[in-house]
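Trainee: I'm new to this one and don't know where to start looking. Could you pick a single spot, go over it closely, and then work outwards from there?

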Amino acid sequence: DVETGLGIGINTGEVIAGGIGSRDRLHYTIIGDTVNTTQRLEALTRRLIKGSGVLVGHATYTALEDLRAEYTFEPYGLHSIKGKQEKVMVYQLSPLRDVPQVEVML
């Protein structure tokens, strides 16, 4: 048996977005501290979550202030993130509290 998992990191903040490269190899990309932190959160999923899961940074948790009651956030504490001097508060995001059950007829 091979266990597979999917890790997703979500963070909120400012980024620089745009096309880079030459005319024949133009790529759209985003860069910045927010992007780097998001990637580090995704990497943390492998250490902190068994199987699949979503980790959310404190900036996203704060930004969701009015919607927080619709989700379950399990605090995972402060974690060191490469490239940042201060530790980042991390939460595991779980599905909506009242997800409707759908019966599939085959």
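Mentor: Let's start at Leu26. Setting aside the neighbours within four places in sequence, Leu26 is in contact with Gly19, Ile20 and Gly21, where contact means heavy atoms within 4.5 Å. Before going on, a word on what you're looking at: this is a predicted model, so local features need a pLDDT of at least 70 and side-chain atom pairs count only at 80 or more, while totals for chains, interfaces and linings use all residues. Residues are numbered from 1 along each chain as its sequence is written, and side-chain values use heavy atoms, with hydrogens and water left out.

Back to our spot. Leu26 sits in the loop between strand S2 (16-20) and strand S3 (27-31). The helices (H or I, at least four residues) and strands (E, at least two) are DSSP runs, numbered from the N terminus. Is Leu26 buried or exposed? With a relative accessibility of 56%, Leu26 counts as exposed, because the cut-offs put buried under 20% relative accessible area, exposed over 50% and partly exposed in between, using a 1.4 Å probe and protein chains only.

Now look at the two strands on either side. S2 and S3 run antiparallel and are joined by five bridges; two strands pair if DSSP finds at least two bridges between them. One facing couple is Gly18 with Thr29 in S3. The hairpin of S2 and S3 has six residues between the strands, and there Gly21 takes a positive phi near 115°. So Gly21 shows up twice in our picture, since Gly21 is also among the contacts of Leu26. As for cover, S2 hardly has any: zero of its five residues are buried.

Let's step back to the whole chain. You'll find two helices and six strands, and from the N terminus on they run β-β-β-α-β-α-β-β. Ahead of strand S1 (7-10) lies the segment that holds Leu6, which is exposed at a relative accessible area of 53%. Leu6 joins Ile8 and Ile10 in a nonpolar patch on the surface, with about 240 Å² of accessible area together. Patches are made of residues with over 30% relative accessible area and no salt bridge; nonpolar side chains (Val, Leu, Ile, Met, Phe, Trp, Tyr) are joined within 5 Å, and like charges within 9 Å.

Further along, strand S6 (residues 88-94) has partners to follow. Strand S4 (residues 53-57) pairs with S6 in the antiparallel sense over four bridges, and Val56 stands opposite Tyr91 there. Strand S5 (residues 72-79) also runs antiparallel to S6, with seven bridges between the two, and here Pro75 stands opposite Tyr91. Another residue of S6 is Met89. Leaving out sequence neighbours within four places, Met89 is in contact with Val56, Gly57, His58, Pro75, Gly77 and Leu78. Met89 and Pro75 are 14 residues apart in sequence, but 7.7 Å apart in space, C-alpha to C-alpha.

Then come the charged pairs. The structure holds two salt bridges, each a side-chain nitrogen of Lys or Arg within 4 Å of a carboxyl oxygen of Asp or Glu. In one of them, Lys84 meets Asp33, with the closest N and O atoms 2.9 Å apart. That pair links distant parts of the chain, 51 residues apart: Lys84 is in the loop between S5 and S6, and Asp33 in helix H1 (residues 33-48). Lys84 is partly exposed at 31%, and so is Asp33 at 43%. The other pair is Glu42 with Arg46, at 2.8 Å from N to O. Both of these residues lie in H1, four residues apart, about one turn of the helix. Glu42 is partly exposed at 22%, whereas Arg46 is exposed at 60%.

Last, the overall picture. The chain has a radius of gyration of 17 Å, while a compact globule of 106 residues would be near 13 Å; the radius is taken over C-alpha atoms, and the globule rule is 2.2 Å times the number of residues to the power 0.38. Buried residues make up 21% of the 106.

Definitions and conventions: Accessible areas come from the Shrake-Rupley method with a 1.4 Å probe; for residues, only the protein chains shown count as cover.
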